[in-house]
Amino acid sequence: MIKKHFLHTVLTLLLMGCTAVAQNKDAVKFSETITKDNAFKHLSVLASDEYEGRETGKKGGWMAADYIRNHFKSVGLKGPVNGDYFQSIDMVTYGLSQILTVDGQPGEPLKDFYNMPQSVSAKGFSFNTNDVLFVGYGLTKEGYNDYEGQNVAGKVVLLFKAGDPKGESTSGTTSRNASSAFNAKVKYLTEQKALAVLAIDPAMDNMPDNLKGYLLSEQMVMKTKENMDRLNTPQGLAVITIGTTLANKILSAGNTNIDALKKNISETGKPASQNLKISISASANKVEKKVRAENVLGFLEGSDPKLKNEVLVITGHYDHIGITPNAKGDDKINNGADDDGSGTTGVLMVAEAFAKAKKAGKGPKRSILFMTVTGEEKGLLGSEWYSEHPIFPLENTITNLNIDMIGRGDKDHATDNNFVYIIGSDMLSTDLDKIGKKANKDYVNITLDERYNNRTDPNQFYYRSDHYNFAKHGIPVIFYFNGVHEDYHQPSDEISKIDFPMLAKRAKLVYFTAWELANGLKRPRVDKNEDGTPKN
């Protein structure tokens with residue numbers, strides 16, 4: 001008994017010694033500023049109503065950028081963009097200037113007519129005509145042909161956007177099927193070299209708020225060569241949607257109207273195609289406006305003369321979706337406390353911890369770039385810009401740790417929020433996967449949920465946050481994520497619903513993983529191809 005007890009004690013002491021070796025005491029010491037209180041301090045500012053939902057290119061987004069820059073500066077990080085903390089993005093918005101006149105009288109955009117923004121190229125379009133061809137429903141099928149005996153080449157064609165010659169209801173038709181059917185009509189008219197299409201849509205008379213909001217919104221675009229080439233590509237014939245008032249005005253040139261034509265076609269089963277002598281002119285042009293948008297970068301140079309040339313990048317997007325004027329209820333501001341105020345807060349706290357370590361002479365061997373990016377909600381724009389215009393060479397970038405939503409949980413973890421989803425961890429590098437999981441085991445002990453850690457996940461989370469713009473360049477990544485909840489992209493994503501202890505714990509996981517990466521003997525080896533197959 002005594003001998004067994006002695007051996008047990010020795011084994012226990014040895015195991016305790018192993019634990020002590022696994023945990024770097026300096027790493028633990030400087031993690032102490034990553035707390036729920038510090039998280040609240042930052043997030044209560046970033047997710048406040050004053051910041052108006054932090055939309056890219058808007059006042060609230062600029063305020064957030066200034067706040068982050070000031071924090072980076074205050075903790076001693078350097079501005080790596082020629083001494084500045086802002087990496088400006090060549091971003092513009094395109095709005096539409098559109099005109100449609102019938103018999104010399106101008107219509108009112110969004111009341112009488114509209115153009116879909118994506119259907120107008122940067123070069124725009126314009127036309128004038130005194131001859132409009134009405135072709136009913138624009139259909140060709142057995143026993144019925146709206147185009148029989150008609151030549152549409154060079155003509156402005158007027159047609160019903162949807163419907164059936166028999167007058168049958170199309171209310172059960174899905175929007176996707178209706179869109180596909182209309183696109184088929186446009187394709188036919190394009191092939192027949194029509195000049196333009198005027199599509200009659202009674203739904204315009206009571207336009208849904210979401211469609212009106214979309215048509216009023218300006219298209220945000222990065223001015224890359226690829227985007228400019230795409231925007232300058234002609235979009236084919238002009239397609240203008242018109243309401244019933246304008247349509248009846250055009251049809252009056254033939255002494256008829258919408259109801260009479262539909263009744264005639266339905267009762268006779270024959271087309272009512274005809275030429276209408278009336279003057280119509282139209283034009284649409286994209287109006288470009290420069291947008292202030294920037295990534296915010298704080299740089300911590302490594303201490304090792306050789307390894308400091310290698311850079312670990314830690315990211316979170318600070319933008320959100322701004323204000324939704326037609327949101328239900330009194331609250332119209334999408335504060336984005338979780339998405340991604342929580343991730344941005346995590347970056348700020350991890351940056352402060354490493355900055356304090358460096359001031360104490362315990363800084364990382366490799367350099368670390370802390371970067372909060374903009375335009376994620378517009379299509380991962382800020383991280384895409386950085387990946388195409390890197391401040392530090394991508395070949396020297398060892399890993400990207402991306403934090404996007406770490407302040408909440410989801411229904412699958414309703415009873416235990418001590419978890420985080422990790423995505424991408426083993427997609428490109430077996431080494432990175434091992435390092436991240438060991439850091440968790442040694443320091444944090446959060447449940448690592450990998451259910452979304454694959455390329456075929458229906459949610460496509462691997463492709464939906466900023467890490468992907470590093471992964472597509474062959475840089476290993478880990479995406480930290482708490483899942484989607486009922487407040488996702490809603491004004492109800494408020495700070496009052498944040499689990500601050502878990503926000504801090506997840507941020508610590510990122511910090512300890514970063515500590516191991518920044519101080520390891522070797523950078524994570526990329527041993528997998530983009531499709532996950534082993535490298536030769």
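**Exercise 1. Find which elements each supply at least two residues of the lining of the largest cavity.**

Solution. Start with the answer: α12 and β21 each give two or more residues to that lining. Keep in mind that you're looking at a predicted model. Next, pick out the lining residues themselves: I422, S425, G436, K437, L448, I478, Y480 and L509. Compare with the element ranges: α12 covers residues 430-444, and G436 and K437 are among the lining residues. Likewise β21 covers 477-481, and I478 and Y480 are in the lining.

**Exercise 2. Work out how much space the largest cavity holds, and what classes of residue line it.**

Solution. First the count: there is one cavity of 30 Å³ or more in the structure. Then the volume: the largest cavity holds about 40 Å³ of space. Finally, sort the lining by class, and you get five nonpolar, two polar and one charged residues. K437 is in the lining, and Lys counts as charged.

**Exercise 3. Trace the order of the strands in the open sheet, and say why one side of β1 and of β20 has no neighbour.**

Solution. Walk across the eight strands and you read β1-β15-β17-β16-β18-β21-β19-β20, with mixed pairing. Now look at the ends: β1 (86-88) and β20 (447-449) are the edge strands with a single partner each, so one side of each has no neighbour in the sheet. Going from one strand to the next, the twist averages 25°.

Zoom in on one pair. β15 (residues 294-300) and β17 (residues 367-373) run antiparallel, joined over five bridges. To check one bridge, take L300: its partner in β17 is I368.

**Exercise 4. Describe how α4 and α12 lie relative to the strands they meet.**

Solution. Take α4 (residues 59-75) first. This helix packs on the sheet and touches β1, β15 and β17. Its direction makes about 5° with that of β15. Then go to α12, which lies across β18 (397-403), β19 (419-423), β20 and β21. The angle between α12 and β21 is about 40°.

**Exercise 5. Decide whether α3 and α14 are roughly parallel or roughly perpendicular, and list the residues that meet.**

Solution. Get the angle: α3 (residues 36-46) packs against α14 (residues 500-519) at about 100°, and their axes are 8 Å apart. Angles of 65 to 115 degrees count as roughly perpendicular, so α3 and α14 are roughly perpendicular to each other. Now the contact: K36, A39, F40 and L43 from α3 meet F500, P501, L503 and A504 from α14. Sorted by class, the contact has seven nonpolar residues, no polar ones and one charged.

How values were computed
Residues are numbered from 1 along each chain as its sequence is written. This is a predicted model: local features need pLDDT of at least 70, side-chain atom pairs count only at pLDDT 80 or more; totals for chains, interfaces and linings use all residues. Side-chain values use heavy atoms; hydrogens and water are left out. Two strands pair if DSSP finds at least two bridges between them. Helices (H or I, at least four residues) and strands (E, at least two) are DSSP runs, numbered from the N terminus. Axes are lines fitted to C-alpha atoms, for helices over the stretch in contact, and angles run from 0 to 180 degrees between N-to-C directions. Contact means heavy atoms within 4.5 Å. Angles under 35 degrees count as roughly parallel, over 145 as roughly antiparallel, 65 to 115 as roughly perpendicular and the rest as oblique. On a 1 Å grid over the protein atoms alone, a cavity is a set of points where a 1.4 Å probe fits but cannot get out, and a pocket is an open set with protein on both sides within 12 Å along at least five of seven lines; lining residues have an atom within 4 Å of a point. Grid points are joined across faces, edges and corners, and a volume is the space filled by probe spheres set on the points.
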